[in-house]
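Welcome, and thanks for taking a look. Here are a few points to read alongside the model, one place at a time.

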Amino acid sequence: MAVPDRPTSPTAATWTDDVATPGLLRRMAALLDRDGCEAAQRTVLPRGWHVGLFPTGLAQSALRPDGYAGPGVALPDLGLPRVMLGGRRAAYAGDIPLGATVGRRTTIESVAEKTGRSGRIAVVTVLNALDVGGREVVAEREDYVLREAAPRGSEPAAPREVRAPRPCDVARRLVPDETLLFRFCAVTFNAHRIHYDAPYATGREGYPALVVNGALTALLALELVREAAGREPAAFDYRILAPLYAGRPMHLKARREADAWRIWAEDESGTVALEATFR
């Protein structure tokens, strides 16, 4: 039986800054198969590409055992060793000019512990406010899910039941491989071992293969609709519902609605792994 959430008080804010360099723009464009010449003409960072800013300065010796450095603030030690990004809600009040210094204020808003059928978890909600020249340009909330250790000798996940497809207006199929995961980890300076260390991902955390970064899936979904809509988002929100794995097909799909685009990512069985909204 589930117990009620037990939120804790927020932590003090941390502050860091970074520069939106043309080099970051080129790396993100290469990762996403965007035309490098076209990217070189831009004067602002495409919205959503700020995920490549603020590489962690945490010392190697201070990393978690899973390699993850945290979202800019230390995640609480609750005896829950596995961590996954659960979602992000971003609102854009402006753009980040190339060459600009960008500040980021990060705060843990809440920590909610729960117990249910899958065991004990905690959802840590982190607030980020990005600032250029004293003006806030991005406000976002990120949810991180902390989970119990995987049982030793756990069996690989069973194949998911094939589901009927949902109607969509645009779609893209791709197979994320180890190289794509590595390049995204390199651009974002993410050392979380479930994305590049196959023996760790399968043997220690019980996944059937390397896990595709949730933020990478979301970024690919954003690119699909940015191109279809022909504009930048005013807001982009997503929830991660299930993991996707390297070497297995990913289907990105989107449907235009009256006031927004609805986007989702499916695995080869049709299971929805990510849901997003582009406004």
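**Notes for a first look**

1. Let us begin with the aromatic rings. A search of the whole structure, which is a predicted model, turns up three aromatic pairs. One of them joins Tyr207 and Tyr245, whose rings are tilted, at 6.4 Å centre to centre and with 55° between the planes. The two partners come from distant parts of the chain, 38 residues apart. Tyr207 sits in the loop between helix H4 (198-204) and helix H5 (214-229), while Tyr245 belongs to the loop between strand E9 (235-240) and strand E10 (250-256).

2. Are these two tyrosines buried or exposed? Tyr207 has a relative accessible area of 7%, so it is buried, as the cut-off for that class is under 20%. Tyr245 counts as buried too, at 9% relative accessibility.

3. Another of the pairs is made by Phe236 and Tyr238. This pair is also tilted, with 6.0 Å centre to centre and 50° between the planes. Phe236 is buried at 4% relative accessibility, and Tyr238 is buried with a relative accessible area of 5%.

4. Please also find Trp264, whose ring has a charge over it. The charged end of Arg166 sits there, 4.5 Å from the centre of the Trp264 ring.

5. Next, have a look at Glu142, a residue of strand E7 (residues 135-147). Which class of accessibility does Glu142 fall into? Its relative accessibility is 4%, and therefore Glu142 counts as buried, given that buried means under 20%.

6. What does the side chain of Glu142 meet in a polar contact? The partner is the side chain of Asn128, at 3.0 Å. Asn128 also appears among the residues that Glu142 touches when those up to four places away in sequence are not counted. The others in that list are Pro71, Leu85, Gly87, Arg88, Val124, Thr125 and Val126.

7. Finally, the cysteines. How many disulfides are there? The count comes to zero, where a disulfide would need a pair of cysteine sulfur atoms within 2.5 Å. Two cysteines can be placed by their accessibility. Cys37 has a relative accessible area of 61%, so it is exposed, as that class begins over 50%. Cys168, with a relative accessible area of 32%, is partly exposed, because this value falls between the limits of 20% and 50%.

Methods. Residues numbered from 1 in each chain as written. Predicted model: local features only at pLDDT ≥ 70, side-chain atom pairs only at ≥ 80, totals over all residues. Heavy atoms only, no water. Helix = DSSP H or I, 4+ residues; strand = E, 2+ residues; numbered from the N terminus. Buried < 20%, exposed > 50% of the residue type's maximum accessible area, 1.4 Å probe, protein only. Polar contact = N/O pair within 3.5 Å; in protein donor to acceptor, adjacent residues only side chain to side chain. Contact = heavy atoms within 4.5 Å. Phe/Tyr/Trp six-rings, centres within 6.5 Å; stacked < 30°, edge-to-face > 60°. Lys NZ or Arg CZ within 6 Å of the ring centre and 35° of its normal.
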